[in-house]
Amino acid sequence: MKILVDENIPAAVACFSQFGDVQQISGRQLSNTDIGDAEVLIVRSVTKVNEALLAGTGVQFVGSTTIGTDHLDLSYLGSAGVRVCNAPGSNAESVVDYVMSAICRIDNLLERLLMGESVGIVGFGNVGQRLARRLDALGIAWRAYDPLLDPASSPGLTSLNDVLKSSLLCLHAPLTRDGPYPSYHMINADQLAAMPKDGVLLNAGRGEVIATEALLALRDKRADISLVLDVWEGEPEFPAALASSCRIATPHIAGYSADGKLTGLKMVAAELADFLGLSLSPFAIPANMAKVKPVSCDGANVADFIRRAVTSVYDVESDAARFRRIIDAIDRGQQFDLLRKNYPVRRELAFSGLTATNPEFSKVLGALQSGR
């Protein structure tokens with residue numbers, strides 16, 4: 001059996017070799033002629049899996065090691081009899097770590113939230129709910145909008161207008177273009193204008209959820225709004241003018257923790273084993289993913305401890321610094337993908353060797369690591 005796997009999925013060769021002959025491919029560049037006689041395709045979100053890609057091939061199983069499915073033509077795949085799976089929730093904690101690191105790096109935002117200002121969450125799925133859980137543990141107020149959920153069964157859900165009033169607005173909605181509540185361009189000029197003074201807008205979901213032109217207009221009208229963007233319309237291309245105006249801009253790496261990638265890999269591998277009627281055997285993971293460097297933190301107060309602890313494990317500013325170097329590049333789309341391909345190993349807070357020097361901060365540390 002021939003298995004094609006995206007070259008940016010760590011440990012994929014070691015994992016899937018137990019099922020057949022594994023060949024690594026460039027997920028962004030994959031075409032119909034590259035499929036050959038492959039029967040299994042393992043991808044990430046950069047690969048559009050549809051009829052154009054698979055027509056005339058013998059692919060029977062498609063697995064995506066990421067949480068979303070907007071890159072998968074589920075209707076076509078179903079009609080073609082292809083078994084499909086993804087990895088919901090696999091990198092949710094990684095995205096929450098990204099949000100926490102951004103909170104710690106934007107001037108006074110952490111202190112404002114600890115003093116009673118709130119976080120607004122758009123999209124209350126795996127990421128949104130886990131972010132709320134982390135905020136609850138830290139005593140930070142939040143409210144969420146998700147029209148697909150029943151407010152009676154999900155305390156904290158409210159209207160979009162209420163959520164837009166939050167000091168920090170976090171977008172974690174999946175990309176949908178049809179149905180009663182499509183998320184495509186759901187955040188437009190009117191919604192952006194409703195944000196409070198000195199608000200922060202963070203998008204770590206899908207770039208198309210925000211109307212890019214509205215964001216470009218916002219930067220000229222509302223200099224008080226801070227933008228934190230990890231996702232972009234038209235990736236890997238992105239508007240340099242918008243990226244330059246962001247407080248923090250990164251190349252779609254919020255969910256790129258080594259722990260999240262490994263979790264997604266295992267979820268898809270288990271599905272493939274089930275499809276083949278086999279058992280998933282243990283496999284070797286890279287040494288740099290198995291090691292945890294002990295880190296001990298202290299702080300002058302709770303906010304100082306949180307900031308030191310979070311950024312000692314993952315500092316979003318390092319990703320933003322690398323991204324700034326490619327903003328004005330002629331080939332910035334290619335550079336965008338190279339940043340993702342060569343992304344350093346990053347551990348999640350819950351799997352780090354983080355400890356609190358001062359026992360008084362042990363509860364706060366537990367809240368920071370409350371994800372998994």
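Start by selecting residues 200-203 and 226-229 in this predicted model: these are strands β9 and β10, which pair in the parallel sense over four bridges. Within that pairing, show Leu202 and look across to β10, where Val228 is its bridge partner.

Now widen the selection to the whole sheet, which is open, holds six strands with parallel pairing, and runs in the order β7-β6-β8-β9-β10-β11. Its edge strands are β7, at residues 141-145, and β11, at residues 248-249, each of which pairs on one side only. Add helix α7, residues 126-138, and you will find this helix packed on the sheet, where it touches β6 (118-122), β7 and β8 (168-171). If you compare directions, that of helix α7 makes about 165° with that of β6.

Turn next to the aromatic side chains, among which there are ten aromatic pairs. Select Phe61 and Phe275, whose rings form a tilted pair, with 5.5 Å centre to centre and 40° between the planes. This pair links distant parts of the chain, since Phe61 belongs to strand β4 (residues 61-64) and Phe275 to helix α12 (residues 258-276), the two being 214 residues apart. Which of the descriptions, buried or partly exposed, fits each ring's residue? Phe61 counts as buried because its relative accessibility is 0%, whereas Phe275, with a relative accessible area of 29%, is partly exposed because that value lies between the 20% and 50% limits.

From there, move to Trp232 and Phe238, which form another tilted aromatic pair, at 5.7 Å centre to centre and with 45° between the planes. Both Trp232 and Phe238 are buried. Adding Phe323 and Phe336 to the selection completes the view, for these two residues form one aromatic cluster with Trp232 and Phe238. Keep Phe238 in sight and show Arg332 as well: Arg332 lies over the face of Phe238, at 5.6 Å from the ring centre. A further arrangement of this kind can be seen by selecting Arg346 and Tyr314, where the arginine lies over the face of the tyrosine, at 3.8 Å from the ring centre.

For the last stop, select residues 292-365, which UniProt lists, in an unreviewed entry, as "domain: Erythronate-4-phosphate dehydrogenase dimerisation". Coloured by secondary structure, the chain over residues 292-365 is 47% helix and 11% strand. To finish, place a distance between the C-alpha atoms at the two ends of residues 292-365, which are 17 Å apart.

Key: Residues are numbered from 1 along each chain as its sequence is written. This is a predicted model: local features need pLDDT of at least 70, side-chain atom pairs count only at pLDDT 80 or more; totals for chains, interfaces and linings use all residues. Side-chain values use heavy atoms; hydrogens and water are left out. Two strands pair if DSSP finds at least two bridges between them. Contact means heavy atoms within 4.5 Å. Axes are lines fitted to C-alpha atoms, for helices over the stretch in contact, and angles run from 0 to 180 degrees between N-to-C directions. UniProt positions are given in the numbering used here, feature names are shortened, and annotations may be inferred rather than shown by experiment. Rings of Phe, Tyr and Trp (its six-membered ring) pair if their centres lie within 6.5 Å; planes under 30 degrees apart count as stacked, over 60 as edge-to-face and the rest as tilted. Buried means under 20% relative accessible area, exposed over 50%, partly exposed in between (1.4 Å probe, protein chains only). A charge sits over a ring if NZ of Lys or CZ of Arg is within 6 Å of the ring centre and within 35 degrees of the ring normal.
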